[in-house]
Amino acid sequence: NVDQDWEPNRSIKQWYQRRVRGSEGAPRPRLSSSATPYRDQINNLRLKSLRLEEKRLLEVRRLQELERLRGPTPKWYELKTSQFHKEAKKNNEILAAKKQWGSYRDYTESVWKSRDLSRSAPIL
């Protein structure tokens, strides 16, 4: 018990040193971060897994951006489903950005070519 070690005549510093260092005054051994022989292998596998997850998330993000940038499907105006409204919105967005078509096209091409959105051009 912590309170059993407390003596009123001893300073808090002495009490703390006794708790940390033990009764002999030598520092207590601490467990290192690599307590098992397989810790390095486990850490390497975790890093590898995180890198793969990052690549997968970046690819998903790239595909979402390509979907956002793509134009309306051919003959979208003939659709009779709810997809008509989505395609009409895409068409209206493209028409509204008429002055920026050049940069819009360049950005779309850079996203198509890239595998990593963090290195591509900024979002318009």
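**Helix 3 and its surroundings**

The buried residues of helix 3 are Glu87, Ala88, Lys90 and Asn91. Around the axis they span an arc of only 160°, so they lie on the same side of helix 3. The structure in which they are found is a predicted model. Helix 3 itself covers residues 83-96, which amounts to 14 residues. From its first C-alpha to its last, helix 3 reaches 20 Å, close to the 20 Å expected at 1.5 Å a residue.

The two faces of this helix may be described in turn. The buried residues of helix 3 pack against helix 2. On the face turned away from the buried side, helix 3 carries the exposed residues His85, Lys86, Lys89 and Ala96.

Attention now passes to helix 2, the partner in this packing. Helix 2 comprises residues 39-69, and Arg62 is one of the residues that lie in it. Arg62 has a relative accessible area of 6%, and because buried means under 20%, Arg62 counts as buried. A polar atom of the Arg62 side chain lies 3.2 Å from the backbone oxygen of Val111.

Helix 4 comes next, with residues 101-113, and Thr108 lies within it. Thr108 is buried as well, its relative accessible area being 15%. Residues up to four places away in sequence aside, Thr108 touches Leu66 and Leu69.

Charged side chains form a further topic. A search of the whole structure finds 5 salt bridges. One of them joins Glu53 to Arg56, with the closest N and O atoms 2.8 Å apart. Glu53 and Arg56 are 3 residues apart in helix 2, so about one helical turn separates them. Both partners are partly exposed: Glu53 has a relative accessibility of 35%, and Arg56 has a relative accessible area of 44%.

Another salt bridge links Arg68 and Glu65, where the closest N and O atoms are again 2.8 Å apart. Arg68 and Glu65 both belong to helix 2 and stand 3 residues apart, about one turn of the helix. Here the partners fall into separate classes of accessibility, for Arg68 counts as partly exposed at 35%, whereas Glu65 counts as buried at 8%.

A salt bridge also forms between Arg70 and Glu67, with 3.1 Å between the closest N and O atoms. Arg70 counts as partly exposed at 26% relative accessibility, and Glu67 counts as partly exposed at 40%. Salt bridges that share partners join Glu67, Arg70 and Glu87 into one network. Glu87 has already appeared in this account, among the buried residues of helix 3.

The aromatic rings complete the picture. The structure holds 2 aromatic pairs. In one of them, Trp76 and Tyr77 meet edge-to-face, 5.9 Å from centre to centre and with 75° between the planes. The rings of Trp76 and Phe84 have their centres 5.7 Å apart and their planes at 35°, so this pair is tilted. These ring pairs link Trp76, Tyr77 and Phe84 into a cluster.

The members of the cluster can also be described by their accessibility. Trp76 is buried, with a relative accessible area of 16%. Tyr77, at 52% relative accessibility, counts as exposed, while Phe84 is partly exposed, with a relative accessible area of 26%.

Definitions and conventions. Residues numbered from 1 in each chain as written. Predicted model: local features only at pLDDT ≥ 70, side-chain atom pairs only at ≥ 80, totals over all residues. Heavy atoms only, no water. Helix = DSSP H or I, 4+ residues; strand = E, 2+ residues; numbered from the N terminus. Buried < 20%, exposed > 50% of the residue type's maximum accessible area, 1.4 Å probe, protein only. Contact = heavy atoms within 4.5 Å. Polar contact = N/O pair within 3.5 Å; in protein donor to acceptor, adjacent residues only side chain to side chain. Expected span 1.5 Å × (residues − 1). Arc of directions from axis to C-beta. Phe/Tyr/Trp six-rings, centres within 6.5 Å; stacked < 30°, edge-to-face > 60°. Salt bridge = Lys/Arg side-chain N within 4 Å of Asp/Glu carboxyl O.
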